[in-house]
Amino acid sequence: MLAEAHRAFAQARYPTAVLFFTRFIERAPDSRHAAEARWWLGQAHEQLGDYAAAMQEYRIVAAGALSARANSREYETQALRRLDELRGRQAADRTSGRRPVAVRLPAASLPAESAITAWLRDLSSAGVTALVIDADPLPATERERRPLQRAKQVIAEAHQLGLLVWMTFDVHRPQGIGVRPDWLSVTSNGAASASTPDVTNIGYQAYLEKVLRELLDTGCDGIFVPARPTDGFAAEFSEGGFRAFAASFEPSLSPQDLFSPGPSSDGSPSDRTVWYWRWVGWKAASYAKFLVSLAAVLRAGGTPRALLLEVHQETLLNPLEGLERYGEDVVELVRRTGGTIIVRREAADGEVLIEKLGQQLGAPDRLWTEILPRASGDPFSAASLRLLLGEQDEAGRRSLLIAPQLVPAVP
């Protein structure tokens, strides 16, 4: 069972790892591997965002009660060090009873350097516990790098006040200046897209991993991956992405084999070929696999950073459409990445499905609700955010991401 637990952890199946490590401890409390099991159980809880549970396991190991066990001194030392690291902003924020509330804003909306500290204090007093900052990690000119440099300053100040900061990493639009034309998608009718890269293209994925490492140099606490903004996920491909699909099934396949009309002509899902649905499943699975690789980058370096994945509320209401239109297989994303799911709230219904998703995730911190209020003036001021928070009570204590949609000023 201990071997199965380690295997599940290595494969990033963290809920399964928690289950197996817990069962091992319950069934063999006096095992010589007890300290080892508890340490790795704490590690699995961390990957799921449950820092309180992780600290509980580390305290048991650090207390020295398992000193007679194999390698116990080594695990005791590691547990003491990890407890010191987690007693900081993340652990305090999650155990203080405050409702986690994040605000998403463009880097261009950050205040001047002289006003940053006072602004962050106001946000904290208004109930904000985290920021999500949109900034291009690899801009073309030094002038365009200023928002990213400003974000780095804000992150340092925010950490002093106990606030978390995540950086937006939009994989569905070209990141930086190094995107090659052959990484961009074409549609099923042959039209080229100048703005939508193919997330299954291996070259584009490798490039994004390098870009991510640049972004992490800001000192952020993790990344926020927005959902694809437009539909058409299944109808787009690059030559490299399609070749990878064909190599997995039938090398002689062509795009026409996928997108030609099926046996039905009534516009229903049956009006598609078998190959088309294999393509949809393969592409969504490839996207999930890529996100797993991003999660591995975030875990490297000894201090795990959070992975926040935005999904459309529509996907919970109609999983097949969400898979075809946006590439969102929520169950697969939950199972494989260990990330936090943020449901983009676009309608009043669907609360039952959101609650069900919360039960699947297992840890409350792994489910956030995102609201997109229309706002004018300064939607990122403490006064505006207090007003918005006062209007949000339908989700109770669920973690909340506020992403104000700016209303253009009337001339």
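Author: Before we start, one term: a residue is buried under 20% relative accessible area, exposed over 50%, and partly exposed in between, using a 1.4 Å probe and protein chains only. This is a predicted model, where local features need pLDDT of at least 70, side-chain atom pairs count only at pLDDT 80 or more, and totals for chains, interfaces and linings use all residues. Residues are numbered from 1 along each chain as its sequence is written, and side-chain values use heavy atoms, with hydrogens and water left out.

Reader: Thanks! Is Trp277 buried, partly exposed or exposed, and which is Tyr276?

Author: Trp277 counts as partly exposed, because its relative accessibility is 25%. Tyr276 is at 2%, so Tyr276 counts as buried.

Reader: What kind of aromatic pair do Tyr276 and Trp277 form?

Author: First, the rule: rings of Phe, Tyr and Trp (its six-membered ring) pair if their centres lie within 6.5 Å, and planes under 30 degrees apart count as stacked, over 60 as edge-to-face and the rest as tilted. Tyr276 and Trp277 are edge-to-face, with 5.0 Å centre to centre and 80° between the planes.

Reader: Cool. How many aromatic pairs are there by this rule?

Author: The count is 19 aromatic pairs. In one of them, Phe237 and Trp279 have ring centres 6.5 Å apart and planes at 90°, so that pair is edge-to-face. Phe237 is in strand S7 (residues 236-237) and Trp279 in helix H12 (residues 274-299), 42 residues apart, so the pair links distant parts of the chain. Here helices (H or I, at least four residues) and strands (E, at least two) are DSSP runs, numbered from the N terminus.

Reader: And where do charges sit over rings?

Author: That needs NZ of Lys or CZ of Arg within 6 Å of the ring centre and within 35 degrees of the ring normal. Arg278 lies over the face of Trp275, 4.6 Å from the ring centre. The charged end of Lys283 is over the ring of Phe233, at 4.3 Å from its centre.

Reader: New topic: why is strand S10 largely enclosed?

Author: In S10 (residues 367-371), 5 of the 5 residues are buried, so the rest of the structure largely encloses it. Leu367, Thr369 and Ile371 are buried on one side, and Trp368 and Glu370 on the other.

Reader: Which strands pair with S10?

Author: Two strands pair if DSSP finds at least two bridges between them. Strand S9 (residues 340-344) pairs with S10 in the parallel sense over 4 bridges, and Ile341 stands opposite Leu367. Strand S12 (residues 399-402) also runs parallel to S10, joined by 4 bridges, with Ser399 as the bridge partner of Trp368.
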